[in-house]
Amino acid sequence: MATDTKDVKDVKDVKDETPADTRDALEVLESEAKEWEKDAEIDRILKAFRLDAYSVLGLKPGVTESDIKIAYRKKSLLIHPDKTKNPLAPEAFDRLKKAQTELMEEKHRKNLDEAIADARMLLIRENKWTVDSPELKTAEFEKKWQEKTKFVLIENEQRRRRQLKAQMQEEGREQRKADEEAEQRKRKRQHEEDWEKTRDQRIDSWRAFQKGKSGDSDKKKKKKLKPIG
């Protein structure tokens, strides 16, 4: 036990004996190495294909939720905007967070897994391979698979946007129709209210008309009377 204590003391003494300028240089090199690692990770994230959350997190399909959480925590701590001077850190951090959120969402992750699987099958069919073909185990296949995955994901995103646009247009038509019907009902109610408000006036006008008509009739009768004698 005493020997261990002595060894620790000797190491400490050696460190303390290291010239201050040498220690400063080592610290600078270590700091630069850490910054280089942060910059490299930020650059990797920003170059990763956005629609592929696995690619953004630097993961392969099929990983567990625990793997996703660990990868996100490690990378987010590395590139956090508060821990690096890189001006692109906020954008990279946002993309990393978005990718983690997408993979933790069951529906989104399922859709992504299906797209990746579709890309693999398309590649096999296009090249007339089978699932047992040796080509599937090569680095070249992995590269082609990534490219095909991008193609499938882009197509899926374009389809989603077209469907969303059509849905919005349909909702817009339905909304305009509803607005027009509401406006018609409003005008009808206003007409009925105006009609009701002038009811007494119309009755008075009718009575006056009838009275005037009756007066004219009496005058005509008087004109027809002949003098006696």
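R160 and E157 sit three residues apart in helix α7, which is about one turn of the helix. In this predicted model, their side chains meet in a salt bridge, with 2.7 Å from N to O. The two partners do not share the same kind of setting: R160 comes out as partly exposed, at 42% relative accessibility, while E157 is buried, its relative accessible area being 17%. E157 gets that label because its 17% falls under the 20% cut-off for a buried residue.

A similar arrangement turns up elsewhere in helix α7. E147 and K150 both belong to this helix and are again three residues apart, or about one turn. They form a salt bridge too, and here the closest N and O atoms are 3.7 Å apart. This time each partner is partly exposed: E147 has a relative accessible area of 46%, and K150 has one of 32%.

Next along comes K148, a residue of helix α7, which itself covers residues 139–197. Is K148 buried or exposed? Its relative accessibility is just 14%, so K148 counts as buried, given that the label applies to anything under 20%. As for what surrounds K148, once the neighbours within four places in sequence are set aside, the contacts are A119, L122, L123 and E126.

One of those contacts, E126, is also a salt-bridge partner. The side chains of K148 and E126 meet at 2.9 Å, N to O. E126 lies in helix α6 (residues 106–126) and K148 in helix α7, so this salt bridge ties together parts that are 22 residues apart in sequence. The surroundings of the two ends can be set side by side as well: E126 is partly exposed, with a relative accessible area of 49%, whereas K148 is buried at 14%. In general terms, side chains of opposite charge can pair when their charged atoms come close.

Pairs are not the whole story. How many salt bridges does the structure hold? The count is 13. Besides the pairs described above, E41, R44 and K75 are linked to one another in a network of salt bridges.

Put together, helix α7 takes part in salt bridges of two kinds. Within the helix, R160 pairs with E157 and E147 pairs with K150. Between helices, K148 of helix α7 is joined to E126 of helix α6.

How values were computed: Residues are numbered from 1 along each chain as its sequence is written. This is a predicted model: local features need pLDDT of at least 70, side-chain atom pairs count only at pLDDT 80 or more; totals for chains, interfaces and linings use all residues. Side-chain values use heavy atoms; hydrogens and water are left out. Helices (H or I, at least four residues) and strands (E, at least two) are DSSP runs, numbered from the N terminus. Buried means under 20% relative accessible area, exposed over 50%, partly exposed in between (1.4 Å probe, protein chains only). Contact means heavy atoms within 4.5 Å. A salt bridge is a side-chain nitrogen of Lys or Arg within 4 Å of a carboxyl oxygen of Asp or Glu.
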